[in-house]
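Welcome, and please take a moment to look over the sequence and the model before reading on. This short report walks through the main features one at a time.

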Amino acid sequence: MSGPENNTPTTTNLAMKVLIAGASGSIGGEILARLINRIEVTKIIALTRKPLPDLPSKVENILVPDFGDWETFGDEKWEKIRDADAMVWAIGTYDLNEAVNTRYPLAFQDAFAAHMPAPQQGKTSKFRFILLSGAFVEPDQSRKIGRAHV
């Protein structure tokens, strides 16, 4: 079994292409660093608004000027991401910004579903979408909430 202590891929996950939105943020950057070190992750597409510096060869950075508008993303960019195995969405806010926390990931999901290739014969794995959000998280982790200390 593959895991943090055993970085050996299993036969079911030998080569994964992973998309990550928000790789320039603190959480997304940490996830990117961990994905880079996973040998079963053979390709990473980092979707960011600004270019990422000094990336290893298995990481490609695609710029997305507006995460709420996928109509202008372009066919050549869709072609690069449409066969991904997984997506980590690490874009969010602490202030319950509805556009960023809700509309952006939903807009991506709708657009991505429209561009996904038809199921390939013999391929049994499904696309995995992981949404990480700061919504409802207390930024001050030393603050007491009710009786609980966070």
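What follows covers the overall fold, two pockets, the salt bridges and two buried residues.

## Ground rules

This is a predicted model, in which local features need pLDDT of at least 70 and side-chain atom pairs count only at pLDDT 80 or more, while totals for chains, interfaces and linings use all residues. Residues are numbered from 1 along each chain as its sequence is written, and side-chain values use heavy atoms, with hydrogens and water left out.

## The overall fold

The protein chain has 3 helices and 7 strands. Helices (H or I, at least four residues) and strands (E, at least two) are DSSP runs, numbered from the N terminus. Along the sequence, their order is β-α-β-β-α-β-α-β-β-β.

Of the 150 residues in the protein chain, 35% are buried. Here, buried means under 20% relative accessible area, exposed means over 50%, and partly exposed lies in between (1.4 Å probe, protein chains only). Contacts (heavy atoms within 4.5 Å) can also be sorted by distance along the chain. Among those with a separation of 6 or more, 59% are between residues 24 or more positions apart.

## Two pockets

On a 1 Å grid over the protein atoms alone, a pocket is an open set of points where a 1.4 Å probe fits, with protein on both sides within 12 Å along at least five of seven lines; lining residues have an atom within 4 Å of a point. Grid points are joined across faces, edges and corners, and a volume is the space filled by probe spheres set on the points.

The largest pocket has a volume of about 550 Å³. Its lining counts 23 residues, and those closest to the centre are Gly 22, Gly 25, Ala 90, Ile 91 and Gly 92. Two or more lining residues come from each of α1 (26-36), β2 (41-48) and α3 (98-115). Helix α1 gives the most, with 3 residues. By class, this lining has 10 nonpolar, 10 polar and 3 charged residues. In this sorting, Ala, Val, Leu, Ile, Met, Phe, Trp, Tyr, Cys and Pro count as nonpolar, Asp, Glu, Lys and Arg as charged, and the others, Gly among them, as polar.

The second largest pocket holds about 330 Å³ of space. It is lined by 15 residues, with Val 18, Leu 35, Val 41, Val 88 and Ile 130 nearest its centre. The elements giving two or more residues to this lining are β1 (16-21), α1, β4 (86-89) and β5 (128-131). Helix α1 again gives the most, here with 4 residues. The lining has 10 nonpolar, no polar and 5 charged residues.

## Salt bridges

Side chains of opposite charge can pair when their charged atoms come close. A salt bridge is a side-chain nitrogen of Lys or Arg within 4 Å of a carboxyl oxygen of Asp or Glu. The whole structure has 6 salt bridges, including these:

| Salt bridge | N to O distance |
|---|---|
| Asp 83 and Lys 17 | 2.6 Å |
| Lys 43 and Glu 60 | 3.6 Å |
| Glu 79 and Arg 82 | 3.8 Å |

Asp 83, in the loop between α2 (75-81) and β4, and Lys 17, in strand β1, are 66 residues apart, so their pair links distant parts of the chain. Asp 83 counts as partly exposed at 38% relative accessibility, whereas Lys 17 counts as buried at 15%.

Lys 43 lies in strand β2 and Glu 60 in strand β3, so their salt bridge ties together parts that are 17 residues apart in sequence. Lys 43 is partly exposed, with a relative accessible area of 25%. Salt bridges that share partners join Lys 43, Glu 60 and Lys 80 into one network. Arg 82, the partner of Glu 79, is partly exposed as well, with a relative accessible area of 26%.

## Two buried residues

Where does Lys 58 lie? Lys 58 is in the loop between β2 and β3 (59-63). Lys 58 is buried yet has no salt bridge, and the nearest side chain of opposite charge, Glu 40, is 7.5 Å away. For charge, Lys and Arg count as positive and Asp and Glu as negative, while His and the chain ends are not counted. Setting aside neighbours within four places in sequence, the contacts of Lys 58 include Leu 35, Val 41 and Lys 43.

Trp 89 is found in strand β4 and is buried, with a relative accessible area of 0%. Not counting residues up to four places away in sequence, Trp 89 touches several residues, among them Phe 67, Trp 70, Tyr 104, Phe 108 and Phe 129. The C-alpha atoms of Trp 89 and Gly 22 are separated by 6.7 Å, although their positions lie 67 residues apart along the chain when counted as a separation.
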